[in-house]
Amino acid sequence: MPEQIGPRGFTRRRLLGGGAAAAGAVGLGAGAIALTGRDTGATEPATEPFYGPHQAGVATAPQTHAAFVGFDLRQGLDRDDIAGVLKIWTGDAARLTQGAAALADTEPELAARPARLTVTVGLGPAVFTAAGLEHRRPAWLRPLPPFAIDRLEPGWSDGDLLLQICAEEATTVAHAVRVLCRSVTSLLTVRWVQRGFRDAAPGRTPRNLMGQVDGTVNIAAPDFDRLIWDDGAAQPWLAGGTSLVLRRIAMALDTWDEIDPEGRELTVGRKLGSGAPLTGSREFDEPDFAAVDAHGIPVIPPSAHIARARHTHDGERFLRRGYNYDDAPAPGQTSNSGLLFAAYQRDVNAQYLPVQQRLADFDALNVWTTPIGSSVFVIPPGVPEPGGYLGQTLFES
Ligand code: HEM
């Protein structure tokens, strides 16, 4: 009997053969997830846990896509209204991150691929005022002081509440943003949405849009818990929480194009190819800031970004988990790109501010980078188990 040709040229035999190949791919997919933590699509969609002492999306290995959504409170909201928002988001996030549709999901089909989705909620200063909880506001929760390098735009700055939504797939992020914004429209208005991406071969450090390997020096165990998670000493409700400083930093790629590779390397203090410090040969070599060349000139200039950003003591370290952005340029421009610089730390004043001040005072990179947005949020602890909600310790303890 002649083989039947299907509508797209598939034969029955090819389809059956494809089935066997697909079965093989299931095994491959599972292995790929175990190795990379990524959902390869061939098998169970990968999920990140929702419940736990900390919110996901901070210690979580960074996913490829992110959207940061800043909200303003509508007029006249009180403590119960804000707690209500957080209860809705808790329920929706608990479902969406595990691959289940949210309660009022208009496109439930899109929930089936969680792709390591995480939803991280942050609170801005106004929440504490509106809820009558000023006495529970962390001392560092306020806009950063102005810096001479800043050209901040209100449309990219501040915000009363934050959703940080990250996943391996852009469709998953878009769906979660839609669902979580839609469910609270009577209480909040969207102030800004900042979308970003980062990608690299498995196990490699990503590059930013200036071409540099970005993310080499960061915090890992055993220092992570001590430097990132609050211990509740000043504000017992915050134990297990942290803070986020989000800076939108524009890159002047058109003038950066005019700099030769050597100039680019001196600006940061690291090699473009390997990301190694100028005093080393491999990415994770320790920079030697005291090294000088035959003429006595420092190999890593004191003005280099890594020389200025380097912590002067242990308590000045924080977690960097940033994303590139690449938006539509204004008419007549060729690029509108930069970094969504996201830093997490227990104490913004002690850990972040001194480093930011040093960079604002003097950093060779400042010629090509301009902060145009700035926000600070407290990231409440996680929800330990079903039945609780994000922010519960703030509102009820
Ligand atoms: C568009 C703006 C920025 C760009 C393109 C950029 C790029 C880089 C690059 C390429 C590195 C070296 C590789 C690495 O260790 O990750 C680096 C390191 C670092 N950056 Fe930035 N950065 C920017 C903004 C900032 C800001 C605003 C801060 C903090 C206020 C910061 C803090 C740091 C720190 C702490 C390090 C590690 C320094 C060390 O100890 O070696 N960066 N950055």
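What volume does the second largest pocket have? I looked that up before anything else, and it comes to about 760 Å³. Note to self: this is a predicted model, so everything below is computed from it.

**Entry 1: the second largest pocket**

I pulled the lining next. There are 38 residues around the second largest pocket, and Ala61, Pro62, Arg198, Arg204 and Pro206 lie nearest its centre. I then checked which elements give two or more residues to this lining, and got helix H1 (12-36), strand E6 (319-320), strand E7 (323-326) and E8. By class, I have 16 nonpolar, twelve polar and ten charged residues in the lining of the second largest pocket.

**Entry 2: the largest pocket**

Then I went to the largest pocket, where the volume reads about 990 Å³. I find 43 residues lining it, and the closest to its centre are His305, Ile306, Ala309, Arg320 and Phe341. Strand E5 (242-251), helix H8 (305-309), strand E8 (337-345), helix H9 (348-361) and strand E9 (369-379) are the elements that give two or more residues to that lining. H9 has the largest share, with five residues. For the class split of the largest pocket's lining I wrote down 22 nonpolar, ten polar and eleven charged.

What takes up the space of the largest pocket? The ligand does.

**Entry 3: the ligand and its iron**

I looked at the metal next. The iron atom of the ligand has a single donor from the protein, NE2 of His305, at 2.1 Å. I placed histidine 305 in helix H8. His305 turns up again in the polar contacts: an N or O atom in its side chain is 2.9 Å from a nitrogen atom of the ligand.

I listed the other polar contacts I cared about. Arginine 310 has a polar side-chain atom 2.5 Å from an oxygen atom of the ligand. For threonine 216 the partner is a polar backbone atom, which sits 2.8 Å from a ligand oxygen.

How many residues are around the ligand? I get 25, and Gly215, Thr216, His305, Arg310 and Arg320 come nearest. E5, H8, E8 and H9 each supply at least two residues of this shell. I noted its classes as well: 14 nonpolar, seven polar and four charged. Arg320 is on two of my lists, as one of the residues closest to the centre of the largest pocket and as one of those nearest the ligand.

**Entry 4: enclosed space**

I moved on to the cavities. The count is three cavities of 30 Å³ or more. The largest cavity has a volume of about 60 Å³. I wrote out its lining: Gln212, Val213, Arg264, Glu265, Val268, Arg270, Lys271, Leu272 and Gly275. By class that lining has three nonpolar, two polar and four charged residues.

The second largest cavity holds about 40 Å³ of space. Leu96, Leu110, Ala111, Arg113, Pro114, Leu117, Thr172, His175 and Ala176 line it. Which element gives the largest share of that lining? I checked, and helix H4 (residues 170-182) gives three residues. The class split of the second largest cavity's lining is six nonpolar, two polar and one charged.

**Entry 5: backbone oddments**

Last, I went through the backbone. Most residues other than glycine have a negative phi, and most peptide bonds are trans. I kept two places for the notebook.

Which residues does the cis peptide bond join? It joins alanine 221 and proline 222, with omega at about 5°. I located proline 222 in the loop between strand E4 (188-197) and helix H5 (223-228).

The other entry is arginine 116, which is not a glycine but has a positive phi of about 60°. I found arginine 116 in the loop between helix H2 (79-96) and strand E2 (118-123).

Conventions
Residues are numbered from 1 along each chain as its sequence is written. This is a predicted model: local features need pLDDT of at least 70, side-chain atom pairs count only at pLDDT 80 or more; totals for chains, interfaces and linings use all residues. Side-chain values use heavy atoms; hydrogens and water are left out. On a 1 Å grid over the protein atoms alone, a cavity is a set of points where a 1.4 Å probe fits but cannot get out, and a pocket is an open set with protein on both sides within 12 Å along at least five of seven lines; lining residues have an atom within 4 Å of a point. Grid points are joined across faces, edges and corners, and a volume is the space filled by probe spheres set on the points. Helices (H or I, at least four residues) and strands (E, at least two) are DSSP runs, numbered from the N terminus. Ala, Val, Leu, Ile, Met, Phe, Trp, Tyr, Cys and Pro count as nonpolar, Asp, Glu, Lys and Arg as charged, and the others, Gly among them, as polar. Donors are N, O and S atoms within 2.8 Å of the metal (3.2 Å for Na, K and Ca); water is not among the atoms, so sites may look incomplete. A residue is near a molecule or strand if one of its heavy atoms lies within 4 Å of it. A polar contact is a pair of N or O atoms within 3.5 Å; within protein, one must be able to donate a hydrogen and the other to accept it, and residues adjacent in sequence count only if both atoms are side-chain atoms. A molecule sits in a cavity or pocket if more than half of its atoms lie within 2 Å of its grid points.
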